[in-house]
Amino acid sequence: MPNPSFQKTRLKSLDVFRGLTMFLLLAEAAGVYDAFTDYFNPSSFGGHFIHQFHHHPWNGLRFWDLIQPYFMFIVGVAMPFSLKKRKSSGHSWQTSFRHILFRCMMLFLFGTGLHCVYNGELVWELWNVLTQLSFTILVTFFLLSYSLRTQAIASVIFLILAEVLYRMYDPGSPFVKGENMGSFTDMLFMDKINGGGWVTINCISTAAHTIWGAMCAKVLLSQKDGGEKLKSFIAIGLLLVVLGYAMDFLGLVPIIKRIATTSFVIVSGGWAILTLAFFYWFVDLKGVSNWTKMFSIVGMNSIFIYLFAETIGAQWLRKFIKIFVEGVLNPIGLSELAIDCWNGLVVLAVMWYLCYFLYQKK
């Protein structure tokens with residue numbers, strides 16, 4: 001059994017957590033969830049299950065609403081490990097800052113560029129997760145050298161700031177879709193409002209996700225016993241989950257992913273910490289990792305495969321592969337809905353193999 005106190009520069013559990021999150025994102029780009037949603041009867045068990053792989057339309061929480069928080073939280077966890085590795089290689093703070101600044105600039109360009117691809121023309125839209133990350137990563141980097149207490153206070157300040165902005169804009173109804181502070185600022189920044197209710201200033205409150213990830217990494221890099229670390233994660237994760245749901249249940253702040261309300265950030269942050277705790281326990285402490293390679297491979301080139309899936313994968317590969325899937329399955333009598341399901345799975349397998357190919361080539 002691995003020694004829980006052994007300090008590693010790379011966490012297997014983090015690779016698995018990141019890889020599984022990316023694998024789920026690939027499945028969306030491959031069309032798996034849409035295909036199975038059409039295939040299953042909405043009232044069946046399969047229909048209710050696949051329903052969880054679509055965003056909640058407004059006030060509420062589904063499993064798919066956790067994927068972006070997971071992504072932003074995982075980035076935060078990885079940052080202290082990466083910085084420690086760079087320091088051990090002789091990199092100064094200034095060199096690391098330039099590296100982070102360049103990465104954030106690239107993420108911002110990638111995020112805005114993806115919306116140009118989605119629209120088929122040059123547009124100015126700031127709703128993509130990569131654009132949001134370009135802000136939360138930079139904020140978290142400046143906090144890495146501070147204590148856990150200072151980092152926690154900073155995360156709370158970002159949550160309070162977002163809450164105050166929404167309530168100052170409309171004290172009576174601060175969270176109305178399309179008529180809130182986020183929509184107002186989008187009109188200022190982009191002269192448009194997202195039809196789904198997404199807003200640019202989500203990056204303010206969701207900065208907490210990346211900061212909390214970095215805080216968890218600081219605990220993981222400490223000299224504490226592995227069991228102590230695990231207990232801390234479980235206790236804090238449960239506290240945040242209960243607090244977030246309570247805020248919604250008591251009518252204080254509704255859980256709304258699309259505008260990243262404080263209750264949503266708190267409850268999703270709690271689930272992110274609990275998920276990290278599970279993988280840390282299962283993979284790093286218990287050493288059960290034989291099954292993890294399938295997901296770890298996907299996470300090793302996460303930004304590339306995300307961009308590939310959202311562009312070539314979603315817009316070309318699905319149509320290309322369907323030519324062959326339909327050609328083989330249609331003659332044997334499969335329905336169009338079943339063919340779409342198989343097509344999504346084949347596209348997902350092809351994108352996974354691309355990750356495996358990159359992994360083999362190091």
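Lysine 192 and glutamate 125 form a salt bridge, with their closest N and O atoms 3.2 Å apart. The two partners sit in distant parts of the chain, 67 residues apart: lysine 192 is in the loop between H8 and H9, and glutamate 125 is in the loop between H5 and H6. Lysine 192 counts as partly exposed at 26% relative accessibility, whereas glutamate 125 counts as buried at 8%. Keep in mind that this is a predicted model.

How many salt bridges does the structure hold? There are 5, and here are three of them.

| Salt bridge | Closest N to O |
|---|---|
| Lysine 192 and glutamate 125 | 3.2 Å |
| Lysine 322 and glutamate 336 | 2.9 Å |
| Lysine 322 and aspartate 340 | 2.7 Å |

As a rule, side chains of opposite charge can pair when their charged atoms come close.

Lysine 322 turns up twice in that table, and together Lys322, Glu336 and Asp340 are linked in a network of salt bridges. Let's take the pairs in turn. The side chains of lysine 322 and glutamate 336 meet at 2.9 Å. Since lysine 322 belongs to helix H13 and glutamate 336 to helix H14 (residues 336–360), this pair ties together parts that are 14 residues apart in sequence. Aspartate 340 pairs with lysine 322 as well, at 2.7 Å, and here helix H14 is linked to helix H13 across 18 residues. What about exposure? Lysine 322 is partly exposed at 22%, glutamate 336 is partly exposed at 38%, and aspartate 340 is partly exposed at 25%.

Helix H13 is also home to tryptophan 316, which is partly exposed with a relative accessible area of 48%. Trp316 joins Ile312, Phe320, Ile323 and Phe324 in making a nonpolar surface patch of about 530 Å².

Now for helix H6, residues 129–143. Its 15 residues reach 21 Å from first C-alpha to last, close to the 21 Å expected. Is H6 mostly covered or mostly open? Mostly covered, with 12 of its 15 residues buried; among them are Leu130, Ile137 and Phe141. The cover includes helices H4, H5, H7, H9 and H13. At the start of H6, a side-chain oxygen of asparagine 128 comes to within 2.8 Å of the backbone nitrogen of leucine 130.

Helix H8 (residues 181–190) starts with a contact of its own: a side-chain oxygen of asparagine 180 reaches to within 3.0 Å of the backbone nitrogen of glycine 182. Buried residues in H8 include Met181, Thr185 and Met190, and H7 is part of what covers the buried ones. After H8 comes aspartate 191, with a positive phi near 60 degrees.

Notes. Residues numbered from 1 in each chain as written. Predicted model: local features only at pLDDT ≥ 70, side-chain atom pairs only at ≥ 80, totals over all residues. Heavy atoms only, no water. Helix = DSSP H or I, 4+ residues; strand = E, 2+ residues; numbered from the N terminus. Expected span 1.5 Å × (residues − 1). Buried < 20%, exposed > 50% of the residue type's maximum accessible area, 1.4 Å probe, protein only. Contact = heavy atoms within 4.5 Å. Polar contact = N/O pair within 3.5 Å; in protein donor to acceptor, adjacent residues only side chain to side chain. Patch = residues over 30% accessible without salt bridge, like charges linked within 9 Å, V, L, I, M, F, W, Y side chains within 5 Å. Areas by Shrake-Rupley, 256 points an atom, 1.4 Å probe, with all protein chains shown as cover. Salt bridge = Lys/Arg side-chain N within 4 Å of Asp/Glu carboxyl O.
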